[in-house]
Amino acid sequence: MARQDGLALMEALLIEHPDDVALMADGHSLSRRALHRSASALAAHWLELGLRRGDCIALWLPNGLAWMQVVFAAARSGLLVIPISTRYKPPEVRHLLEVSRARAIIVPRHFLEADFVAIAQQLQAGLATLEWVLVHEQADQLMPPEASGQPGDHEGGAGEGVQLEVFKR
């Protein structure tokens, strides 16, 4: 029997039952087709930014569908996910970013009354390898499949409903 990796299995399941539920969390669900679309769009977006297979991307989001979309997108693009607890303090996050040499970090705009964006930008200023801070507007909402944006000093996405904002060093 041939060995299948997770992506190959996901593709096979997508072909067989595209409208079946792939993920459920907090009363929301995502079909296999929607997960495939959103993961593909995020993966393409990260490749456009300059992230490459084998790069590390830190994931500092609360648990939920958006978190899982990032994991699937990272698998699709060959990026390594460094999960970071939203309860960690800046020194703990800095340590993980230093050790992993993460090139990007995804943070929520608002969560737990903390300013994750400001903290991430402060960390970015002190870490040579951290090139991008990617901001997800609503930590408890899905990332839209049309998430996009181009590299630049500070740019948002280019389509209606886009909730991913990019800050580049």
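These are my notebook entries on a predicted model of one protein chain.

**Entry 1: the overall layout**

I started with the secondary structure and found five helices and eight strands in the protein chain. Reading from the N terminus, I wrote the order down as α-β-β-α-β-α-β-α-β-α-β-β-β. Next I looked up burial: 44% of the 169 residues of the protein chain count as buried. For the surface, I noted that the protein chain exposes about 8,800 Å², with carbon and sulfur atoms supplying 53% of it. I also checked how far contacts reach along the sequence. Taking contacts between residues at least 6 apart, 68% join residues at least 24 apart.

**Entry 2: the nonpolar cores**

Which residues have the most contacts inside the largest nonpolar core? I listed A58, W60, I84, V93, L97, I105 and V107, in a core of 18 residues. Then I asked which elements give two or more residues to this core, and got β3 (56-59), α4 (90-100), β5 (104-108), α5 (116-126) and β6 (132-136). The largest share comes from α5, with four residues. Another core, of 17 residues, lies apart from this one, and W46, L51, V70 and A74 are among its members.

I picked V107 for a closer look at its surroundings. Leaving aside neighbours within four places in sequence, V107 touches W60 and L61, then F116, V117 and A120, and also V133, L134, V135 and H136.

**Entry 3: strand β5**

V107 led me to β5, so I went through that strand residue by residue. Is β5 enclosed or open? Five of its five residues are buried, so the rest of the structure largely encloses β5. I then sorted the side chains by direction: A104, I106 and P108 point one way, I105 and V107 point the other, and all are buried. That fits the textbook pattern, in which side chains of a regular strand alternate between the two faces of the sheet.

Which strands does β5 pair with? On the β3 side, three bridges join the two strands, and they run parallel. There I found A58 opposite I105. With β6, β5 pairs in the parallel sense too, over five bridges. Here A104 stands opposite W132. Following the chain from β5 through α5 to β6, I noted a β-α-β crossover that is right-handed.

**Entry 4: aromatic rings**

How many aromatic pairs does a search of the whole structure find? It finds two. As a reminder to myself, a pair of aromatic rings is described by the distance of the centres and the angle of the planes.

The pair of W60 and F116 is edge-to-face, at 4.7 Å centre to centre with 75 degrees between the planes. This pair links distant parts of the chain: W60 sits in the loop between β3 and α3 (65-77), F116 is in helix α5, and they are 56 residues apart. I checked burial for both rings. W60 counts as buried because its relative accessibility is 1%, and F116 counts as buried at 2%.

The other pair is F111 with F116, which is tilted, at 6.4 Å centre to centre and 45 degrees between the planes. Buried or partly exposed, I asked of F111? With a relative accessible area of 25%, F111 is partly exposed. Putting the rings together, W60, F111 and F116 form one aromatic cluster.

**Entry 5: tying it up**

I went back to V107 once more, since its contacts include both W60 and F116. W60 and V107 are also among the residues with the most contacts inside the largest nonpolar core.

Notes. Residues numbered from 1 in each chain as written. Predicted model: local features only at pLDDT ≥ 70, side-chain atom pairs only at ≥ 80, totals over all residues. Heavy atoms only, no water. Buried < 20%, exposed > 50% of the residue type's maximum accessible area, 1.4 Å probe, protein only. Contact = heavy atoms within 4.5 Å. Areas by Shrake-Rupley, 256 points an atom, 1.4 Å probe, with all protein chains shown as cover. Core = buried A, V, L, I, M, F, W, Y, C linked by side-chain atoms within 4.5 Å. Pairing = 2+ DSSP bridges. Right-handed = clockwise from strand over helix to strand, strands pointing away. Phe/Tyr/Trp six-rings, centres within 6.5 Å; stacked < 30°, edge-to-face > 60°.
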